[in-house]
Amino acid sequence: MEISSFPFDDLSQYYPTPYPEIAANSPVDSSPLKKQRSESESVDFFLNNTDTGTIKDILASVLIFGDEDDQNHSHSHSGMEMSAEAEVAVVATAAQPKRGLKRSRNVGQSSTPAPAPVVNRRMWVKDRSKDWWDKCSHPDYPDEEFKKSFRMSKATFNMLCDELDPLINKKDTMLRAAIPVRHRVAVCIWRLATGEPLREVSKRFGLGISTCHKLVLEVCTAIRNTLMARFLQWPDDTKLDAIKEEFKSKTGIPNVGGAIYTTHIPVIAPKANIGVYFNKRHTERNQKTSYTVTLQGMVDPSGIFTDVCIGWPGSFSDEHVLEKSALFKRASRGLMKDMWMVGNSSYPLMDWVLVPYSHQNLTWAQHAFNEKVGEIQKVAKDSFYRLKKRWGCLQKRTEVKLQELPIVLGACCVLHNICEMRKDEIVGDPGNSFELFDDEVLPENVAKSLTAVQARDQIAHHLLHHGFGGNTFL
């Protein structure tokens, strides 16, 4: 499944304000006084300016550095176990003289150097508690509690771990044991489900902050690159016929291949090209400066995504995002004939996009049509609501870099489809309540095809005279 996403490298065509560029070959101060001596020059300088007796004294004090302390350290650390979840630092015993060691200040006298002891390497392990994860991963942990935490059942989580095992499984090394696959997947799912800061995720799972960040991207990449082709794909002809028939049986509108909708994902203000990500409508509603990226998706009657377009700036209208999507390119090649994609009033009416009437003083037939189009649109909007409710990271300003954001959003869409296919309902959480806000802005040209205008009028007439709509206005 090909995902159309925003080209982050070049925004000049979308944002007219020029940005100054720093020349690649800018002059750099390279004064010879600031240059460091090479290693060989430093050694030669030391040997030429130090007498032999002083050198012998230094070597003697370096070699005799307290055997008793070294042995005590070896015994005290010999029983230390390396934790698979701990950050490990290798600390070599430094060859430094003891404070109480008396050195001979007479250049002519020198102590006999002792045999060089074996340098022991000690492992420093930061103790991190993983009691919470051990409790959740226990076989006796209730499935309802697990679903409330990870937004999916234990069976779905186990299936996901089995699918990703060949891709993210790591081998143990001499320094540490590898983090288990279930632990890796759990870190990613928890982060997506709650949007919890990485510092809190680190404490909860007993891992380092940088390790948690790395695991989230690693698992999301594996999900997008491998599972998307199976769980988020354009329907074949047989499946497409079934989708059309199901929509027709519910609404009476023929040849509906899916419902399309666009939502906005809040992001932290980017450092470059900030203007194109500024969302004026969200800023006015929230009374707080908002920056967003868009997520456009098409769903079937079950609310399962069949196409997504990720990452275009929040200042783009729904019509503009549609024109940049792979779905629009598919239609341009003539692959959307005899099919309608049903959208809201923020999309223009085209030969393959069916939208409601947006003018004033509607007829009964037009009211009947808008009523049934609204039912189809509700399928898409409800699906996006479940997507954001299940994966709480989509409700908050994400810490993910813009270049990595399509990977995370793509993984969320795939996981949404997996949960929907496996009938994993979202367990009610009072702290996870929100309302889906996405303003509809009428396009400049509400109708781009005269043929589509005539086809819509015929559908509206058919719905009214065959009892499929208009009852709410009688």
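## A walk outward from helix α10

The buried residues of α10 are covered by a set of elements that includes β4 (256-267), β5 (291-299), α15 (364-390) and α17 (450-465). Keep in mind as you look around that this is a predicted model.

Let us begin with the helix itself. Helix α10 takes in residues 237-251, and its 15 residues, at 1.5 Å a residue, should span 21 Å. The end C-alpha atoms are 21 Å apart, which agrees with that expectation. Which residues of α10 are buried? They are Leu240, Ile243, Lys244, Phe247 and Thr251. If you look down the axis of α10, these buried residues fall within an arc of 95°, so they line one face of the helix. Turn to the other side of α10 and you will find Thr238, Glu245 and Ser249, which are exposed. Just after the helix comes Gly252, whose phi is positive, near 85°.

Now let us follow two of the covering elements, β4 and α15. The structure holds 16 aromatic pairs. One of them is formed by Tyr261 and Phe384, a tilted pair with 5.2 Å centre to centre and 50° between the planes. Because Tyr261 lies in strand β4 and Phe384 in helix α15, the pair ties together parts that are 123 residues apart in sequence. Are these two rings' residues buried or exposed? Tyr261 is buried, with a relative accessible area of 2%, and Phe384 also counts as buried, at 1% relative accessibility.

Helix α17, another of the elements covering α10, offers a contrasting residue. Gln458 lies in this helix, α17, and it counts as exposed because its relative accessibility is 58%, where exposed means over 50%. How far apart are Gln458 and Ala365 in sequence and in space? They are 93 residues apart in sequence, and 9.5 Å apart in space, C-alpha to C-alpha.

Aromatic rings are worth a further look elsewhere in the model. Trp132, Trp133, Phe146, Phe150, Phe157, Trp190 and Phe205 form one aromatic cluster. There are also rings with a charge placed over them. The charged end of Arg330 sits over the ring of Trp234, 4.3 Å from the ring centre. Likewise, Arg456 has its charged end over the ring of Tyr357, with 4.0 Å to the centre of that ring.

To come back to where we started, the picture around α10 is one of a helix with its buried residues along one face and Thr238, Glu245 and Ser249 exposed on the other side.

Methods. Residues numbered from 1 in each chain as written. Predicted model: local features only at pLDDT ≥ 70, side-chain atom pairs only at ≥ 80, totals over all residues. Heavy atoms only, no water. Helix = DSSP H or I, 4+ residues; strand = E, 2+ residues; numbered from the N terminus. Expected span 1.5 Å × (residues − 1). Buried < 20%, exposed > 50% of the residue type's maximum accessible area, 1.4 Å probe, protein only. Arc of directions from axis to C-beta. Contact = heavy atoms within 4.5 Å. Phe/Tyr/Trp six-rings, centres within 6.5 Å; stacked < 30°, edge-to-face > 60°. Lys NZ or Arg CZ within 6 Å of the ring centre and 35° of its normal.
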